[in-house]
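Please look through the chain shown here before reading my comments. They are written for someone new to reading protein models.

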Amino acid sequence: MKTFIIPVIISIIVGAAAAFIYIQFSSDSRTDVSRDYDLVPLKCDLMRKKCTKEFNGQTVTFDMTPRPVEIMAETTISLSGLNYDFYDAKIRIFGLNMDMGTIIASLVEKDNIYITKVALSACLVEDVMRYRIAVYDGNEPTGLYIDFDVPR
């Protein structure tokens, strides 16, 4: 019986050590990639005020409320001034300096304003999470997007 228990205990210890080493090295490589992303200052801070983008000769205004945006809390995103013949209006929100997944949300038009509600996540490693809101028509990008920062 002792000849069976000793190899099992050694296997558990070696497996735990290998898992610990893997987690340490894999998390370091992910954070190194994110540190390489250059966070140049944005022209407009969507966390503080409405921001506009030129798109197909139109001035589109992006807005987020409440301000400042809180992580993991409901946030309303609205786009106004956009005259686009959507088949299926959506936005995709994803991190530029770290992969936190992609949020896909349908836009609902009300009084010529497209609105949706989302909850954003933040990375515990980076001081600032840079997100992109990209406007889609179904699965096709329209080319309209805006970037914004969420501080940790």
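The points below go from the whole chain to single residues.

1. Status and overall make-up. The model is a predicted one. Its chain contains 1 helix and 9 strands. Read from the N terminus, the order of elements is α-β-β-β-β-β-β-β-β-β, with the helix ahead of the strands.

2. Burial and surface. Of the 152 residues in the chain, 36% are buried. The exposed area of the chain is about 9900 Å², and carbon and sulfur atoms account for 57% of that area.

3. Contacts along the sequence. Take the contacts between residues at least 6 apart in sequence: 56% of them link residues that are at least 24 apart. Thr76, discussed in point 7, gives an example of residues brought together from separate parts of the chain, with Ala119 lying 43 residues away in sequence and 8.8 Å away between C-alpha atoms.

4. The open sheet. In what order do the 5 strands of the open sheet stand? The order is 1-2-3-7-6, with antiparallel pairing. Strand 1 (51-55) and strand 6 (108-110) are the edge strands; each has a single partner strand, so one side of each has no neighbour in the sheet. On average, neighbouring strands in this sheet are turned by 30° against each other, ignoring direction.

5. Strands 1 and 2. Strand 2 covers residues 58-65 and pairs with strand 1 over 5 bridges, in the antiparallel sense. One residue pair to find on the model is Cys51 with its bridge partner Phe62, which is in strand 2.

6. Thr61. This residue also belongs to strand 2. Is Thr61 buried or exposed? Its relative accessibility is 18%, and buried means under 20%, so Thr61 counts as buried. Setting aside residues up to four places away in sequence, Thr61 touches Lys50, Cys51 and Thr52, and also Ser78, Leu79 and Ser80.

7. Thr76. Strand 3 spans residues 74-80 and includes Thr76. Apart from neighbours within four places in sequence, Thr76 is in contact with two sets of residues: Asp63, Met64 and Thr65, and then Ile115, Thr116 and Lys117.

8. The disulfide. A disulfide is a covalent bond between the sulfur atoms of two cysteines. The structure has 1 disulfide. Which cysteines does the disulfide join? Cys44 is joined to Cys51, with a distance of 2.0 Å from S to S. The angle about the S-S bond is -85°, and the link is left-handed.

9. Burial of the two cysteines. Cys44 has a relative accessible area of 18% and is buried. Cys51 is at 1% relative accessibility and is also counted as buried. Cys51 thus appears in three of these points: as the bridge partner of Phe62, as a contact of Thr61 and as one end of the disulfide.

10. The hairpin of strands 8 and 9. Strand 8 (residues 128-137) and strand 9 (residues 140-151) run antiparallel and are joined by 9 bridges. Asp137 stands opposite Glu140, a residue of strand 9. The two strands form a hairpin with 2 residues between them. Gly138, in the turn, has a positive phi of about 70°.

Methods. Residues are numbered from 1 along each chain as its sequence is written. This is a predicted model: local features need pLDDT of at least 70, side-chain atom pairs count only at pLDDT 80 or more; totals for chains, interfaces and linings use all residues. Side-chain values use heavy atoms; hydrogens and water are left out. Helices (H or I, at least four residues) and strands (E, at least two) are DSSP runs, numbered from the N terminus. Buried means under 20% relative accessible area, exposed over 50%, partly exposed in between (1.4 Å probe, protein chains only). Contact means heavy atoms within 4.5 Å. Accessible areas come from the Shrake-Rupley method with a 1.4 Å probe; for residues, only the protein chains shown count as cover. Two strands pair if DSSP finds at least two bridges between them. Axes are lines fitted to C-alpha atoms, for helices over the stretch in contact, and angles run from 0 to 180 degrees between N-to-C directions. A disulfide is a pair of cysteine sulfur atoms within 2.5 Å.
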